[in-house]
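Q: I would like a close look at one part of this model rather than a tour of the whole. Please describe how the part is held by its neighbours, through charged pairs and through packing, and then place it in the wider fold.

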Amino acid sequence: TEIYTLSLHDALPISSGVSLAAGALDLGTHFIAFLAPARAAAVQPFYTFIYVPVAIGFAIFFVGAMLPVAAEIVLAIRIAAAQWAEYRAMGALWTELLAEFPQIRLRRYVGIHRSYYSRGNGIRDGLVLLKRYYDRRVATAALAASRARGEPPAVQSLSVTVALVRAALEAHRIDRAQDDPHPVPTSGSADWATDTAWIVQLARAFAGSSPATPPTLSTSAQSR
């Protein structure tokens, strides 16, 4: 944005200078024609050139004024395209949560920006509604499996959260709540945009993961 602002600031003095030159030429031509009528025919061709710098000055001003607008349009298109891709990436997790909690069905919006954040909010609500079904044993098993795969801490956190959500969805289907549930997974951020970005990461990890329960959880452990 700063680059385009500087371009506009540069265009203003340039266009003003060109317009000033056109005005000076116009004034000089009229001055000569008034003081020396005999030379009026000689300066007559300059009247044509007066319009050239005026047109150039206007063109420079127009380009400089429209450049920030064009930049904003390009930026808006890029943001909309990115949000559309992330909106679709949230689809699998959103569909699973909606199947368990139909009450979180969202109103339809025109435009991707509001729809994008609305779907993120719906997923956030669904994760909270699962709060009684998060199994601490699933988190422990998923963390151990992630460490065994050598995943970095950020990926470990996502792996654990995906396992927690998948197991909680299954537990909700069979109404098996936990006496001491694991805390609701969150991004830990109070910033709306950052939290939604975390939800997008979670949704992508969820869509790319296996729906199977972590193998370290035995059948007898699950039944308790």
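A: Glu100 has a relative accessibility of 15%, which is under the 20% cut-off, so this residue counts as buried. The model is a predicted one, and the values below are computed from it.

The charged partner of Glu100 is Arg173, with the closest N and O atoms of their salt bridge 2.9 Å apart. Glu100 belongs to helix α4 and Arg173 to helix α7, so the bridge ties together parts of the chain that are 73 residues apart in sequence. Helix α4 covers residues 91-100, and this helix is the part to look at closely.

Arg173 also meets the side chain of Glu96, in a salt bridge with an N to O distance of 2.8 Å. Here too the link runs between distant parts: Glu96 is in helix α4 and Arg173 in helix α7 (residues 153-173), 77 residues apart. Glu96 has a relative accessibility of 27%, which is why this residue counts as partly exposed. Arg173, at 42%, is likewise classed as partly exposed. Glu100, by contrast, is buried. The two bridges belong to a network of salt bridges that links Glu96, Glu100, Glu170 and Arg173. For the whole structure, a search finds seven salt bridges.

Ala99 is another residue of helix α4. Its relative accessibility is 57%, over the 50% limit, and therefore Ala99 counts as exposed. The C-alpha atoms of Ala99 and Arg173 are separated by 9.8 Å, although the two residues are 74 positions apart along the chain.

Next, the packing of helix α4. Against helix α5 (residues 112-129), α4 packs at an angle of about 50°, and the two axes are 10 Å apart. Because this angle falls in none of the parallel, antiparallel or perpendicular ranges, α4 is oblique to α5. The crossing of α4 past α5 is left-handed. On the α4 side the contact is made by Gly91, Leu93, Trp94 and Leu97, and on the α5 side by Arg119, Gly122, Ile123, Gly126 and Leu127. Sorted by class, these residues are five nonpolar, three polar and one charged. Gly is counted as polar, so the three polar residues are Gly91, Gly122 and Gly126. The charged one is Arg119, because Arg is in the charged class.

Helix α8 (residues 192-207) is a second packing partner. The angle between α4 and α8 is about 85°, and their axes are 7 Å apart. An angle between 65 and 115 degrees counts as roughly perpendicular, so that is how α4 stands to α8. Ala92, Leu93 and Glu96 of α4 meet Leu202, Ala203, Phe206 and Ala207 of α8. This contact has six nonpolar residues, no polar ones and one charged one. The charged residue is Glu96, because Glu is in the charged class. Glu96 therefore has two roles in the picture: this residue is in the contact with α8 and bridges to Arg173 in α7. Leu93 appears in the contact with α5 and also in the contact with α8.

The two packing partners of α4 are themselves joined by a charged pair. The side chains of Arg124 and Asp195 meet in a salt bridge, 2.4 Å from N to O. Arg124 is in helix α5 and Asp195 in helix α8, 71 residues apart. Asp195 is buried, because its relative accessible area is 9%. Leaving out residues up to four places away in sequence, Asp195 touches Arg124, Ser187 and Ser189.

Helix α7, which carries Arg173, also holds Ala167. Ala167 has a relative accessible area of 14% and so counts as buried. Its C-alpha atom is 7.2 Å from that of Tyr134, a residue 33 positions away in sequence.

Finally, the setting. The protein has nine helices and zero strands. Among its 224 residues, 32% count as buried. Of the contacts with a separation of 6 or more, 78% are between residues 24 or more positions apart.

Note on methods. Residues are numbered from 1 along each chain as its sequence is written. This is a predicted model: local features need pLDDT of at least 70, side-chain atom pairs count only at pLDDT 80 or more; totals for chains, interfaces and linings use all residues. Side-chain values use heavy atoms; hydrogens and water are left out. Axes are lines fitted to C-alpha atoms, for helices over the stretch in contact, and angles run from 0 to 180 degrees between N-to-C directions. Helices (H or I, at least four residues) and strands (E, at least two) are DSSP runs, numbered from the N terminus. Angles under 35 degrees count as roughly parallel, over 145 as roughly antiparallel, 65 to 115 as roughly perpendicular and the rest as oblique. A crossing is left-handed if the near helix is turned anticlockwise from the far one by less than a right angle, and right-handed if clockwise. Contact means heavy atoms within 4.5 Å. A salt bridge is a side-chain nitrogen of Lys or Arg within 4 Å of a carboxyl oxygen of Asp or Glu. Buried means under 20% relative accessible area, exposed over 50%, partly exposed in between (1.4 Å probe, protein chains only).
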